[in-house]
Amino acid sequence: ENLDKHLEVFEQKITARGAKVIWAEDAQQALDEIGKICDAKNCKTLVKSKSMVTEEIHLNKALEQNGIESVETDLGEYIQQLDGEPPYHIVTPAMHKNKEDVAKLFNEKLGTPINFTPEQLTLKAREILREKYVEAEVGVTGANFIISDIGGIAVTENEGNARLSCAFPKTHIAIVGIEKMIPSITDLGLLWPLLSTFGTGQKVTVYNTIVTGPRQPNETDGPEEMYVILLDNGRTNLLMKEVRESMYCIRCGSCLNACPVYKNIGGHAYGATYSGPIGSVITPHLKGMEEFKHMSYASSLCGNCTEVCPVKINIHEM
């Protein structure tokens with residue numbers, strides 16, 4: 001309800017510690033700003049952790065066109081990138097592939113033996129990615145929450161790849177939708193366990209990090225520069241509509257798992273960045289009603305999505 005005030009406090013606090021905050025009205029503005037930063041840093045290789053907002057603005061494609069190698073460091077996203085496919089699910093991007101599919105893909109693209117076990121495949125990915133972290137001039141992450149009172153971003157992950165992506169390269173860019181705002185660091189006590197329980201059935205996710213700016217004078221690790229791009233891209237339109245509460249979404253993915261439609265047609269059938277029940281609600285408003293209003297028919301109105309939503313969004317009513 002007080003998003004505007006919280007965003008300003010966040011900007012003030014994180015800027016005081018040397019980070020730069022950039023406001024992007026739409027995807028193109030965000031891409032232009034990232035392009036400028038990469039140019040200034042003479043960036044050839046960029047590592048990025050899993051982020052739905054970068055999928056939304058099609059960051060990888062834009063970087064590729066500028067001759068920059070953008071490497072997905074989340075294992076599921078890395079598999080999807082190798083296969084030239086978008087994520088299938090907002091939390092588990094390669095959920096539709098079994099271990100044989102991945103072994104075949106790695107065999108074709110990376111030359112590993114066709115009978116490699118999941119452990120061996122993971123180690124191969126790790127070996128390749130470790131080199132990329134060291135090589136990359138720029139690291140990109142999203143943020144699960146933006147924390148107003150301390151001026152920080154909170155990142156939740158299971159593999160430690162986001163930490164490496166934001167701490168190894170000299171420049172860290174965090175791209176985040178403005179709706180991910182929480183007023184205080186104390187709110188994480190509620191929201192972190194909520195996200196992990198509903199997202200992946202864990203009590204708490206393995207790595208939870210709060211980043212409050214670039215490396216400080218008394219610190220040994222971290223990037224020299226940090227940029228936070230606050231993306232609107234249609235979100236303020238949603239705040240004015242009756243579907244306003246769809247912006248409460250913490251992207252846990254539980255509505256997708258509960259939805260009979262999603263279970264039957266799968267993530268790629270939606271043809272949009274955000275799939276499943278929440279995608280059906282927000283995509284038409286973010287991307288244009290004309291092209292995406294058909295998504296509202298991808299609902300059985302059974303109310304499963306509303307029942308499992310941790311932040312109590314009335315999804316099926318919308």
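Visitor: What makes the four strands E8, E5, E6 and E9 an open sheet, and which of them stand at the edges?

Guide: In this predicted model, the four strands follow the order E8-E5-E6-E9 with mixed pairing. Strand E8 (181-182) and strand E9 (207-211) each have a single partner strand, so one side of each is left without a neighbour in the sheet, and these two stand at its edges.

Visitor: How do you know that E5 and E8 are paired?

Guide: Two strands count as paired if there are at least two bridges between them. Strand E5 (residues 145-147) is joined to E8 by two bridges, so by that cut-off the two are paired, and they run parallel. Within this pair, Ile-147 is found opposite Ile-182 of E8.

Visitor: Which elements of the sheet does helix H9 touch?

Guide: Helix H9 (residues 188-200) packs on the sheet and touches E5, strand E6 (152-157), E8 and E9, while its direction makes about 170° with that of E5.

Visitor: What pairs with strand E4, and in which sense?

Guide: Strand E2 (residues 45-48) pairs with E4 in the parallel sense over three bridges, and Leu-46 has Val-138 in E4 as its bridge partner. E4 also pairs with strand E7 (residues 171-177), again in the parallel sense, over four bridges. Here Val-138 stands opposite Thr-171 in E7, and Thr-141 stands opposite Ala-174 in E7.

Visitor: Why are both faces of E4 called covered?

Guide: A residue is called buried when its relative accessible area is under 20%. In strand E4 (residues 138-141), Val-138 and Val-140 on one side meet that cut-off, as do Gly-139 and Thr-141 on the other, so both faces are covered.

Visitor: What makes E7 a mostly covered strand, and what does E7 pair with through seven bridges?

Guide: Seven of the seven residues of E7 are buried. On one side these are Thr-171, Ile-173, Ile-175 and Gly-177, and on the other His-172, Ala-174 and Val-176. The seven bridges join E7 to strand E10 (residues 225-231), which runs parallel to E7, and Thr-171 has Glu-225 of E10 opposite.

Visitor: How many residues make up the largest nonpolar core, and which have the most contacts inside it?

Guide: That core has 47 residues, and Ile-34 and Ile-173 are those with the most contacts inside it. Helix H2 (residues 27-40) gives the largest share, six residues. Leaving aside neighbours within four places in sequence, Ile-34 is in contact with Ile-57, Leu-59, Leu-63, Ile-173, Ile-175 and Ile-229. Another core, of 19 residues, lies apart from the largest one, and includes Ile-14, Val-21, Ile-153 and Val-176. In soluble globular proteins, nonpolar side chains tend to be buried together.

Visitor: What lines the largest pocket, and which element gives the largest share of that lining?

Guide: The largest pocket holds about 1,000 Å³ of space. Its lining has 50 residues, of which Lys-50, Asp-74, Val-91, Thr-92 and Pro-93 lie nearest the centre. The elements giving two or more residues to the lining include helix H3 (52-56), helix H5 (75-82), helix H6 (99-110) and helix H7 (118-135). H9 gives the largest share, four residues.

Definitions and conventions. Residues are numbered from 1 along each chain as its sequence is written. This is a predicted model: local features need pLDDT of at least 70, side-chain atom pairs count only at pLDDT 80 or more; totals for chains, interfaces and linings use all residues. Side-chain values use heavy atoms; hydrogens and water are left out. A nonpolar core is a set of buried Ala, Val, Leu, Ile, Met, Phe, Trp, Tyr and Cys residues joined through side-chain atoms within 4.5 Å. Buried means under 20% relative accessible area, exposed over 50%, partly exposed in between (1.4 Å probe, protein chains only). Contact means heavy atoms within 4.5 Å. Axes are lines fitted to C-alpha atoms, for helices over the stretch in contact, and angles run from 0 to 180 degrees between N-to-C directions. On a 1 Å grid over the protein atoms alone, a cavity is a set of points where a 1.4 Å probe fits but cannot get out, and a pocket is an open set with protein on both sides within 12 Å along at least five of seven lines; lining residues have an atom within 4 Å of a point. Grid points are joined across faces, edges and corners, and a volume is the space filled by probe spheres set on the points.
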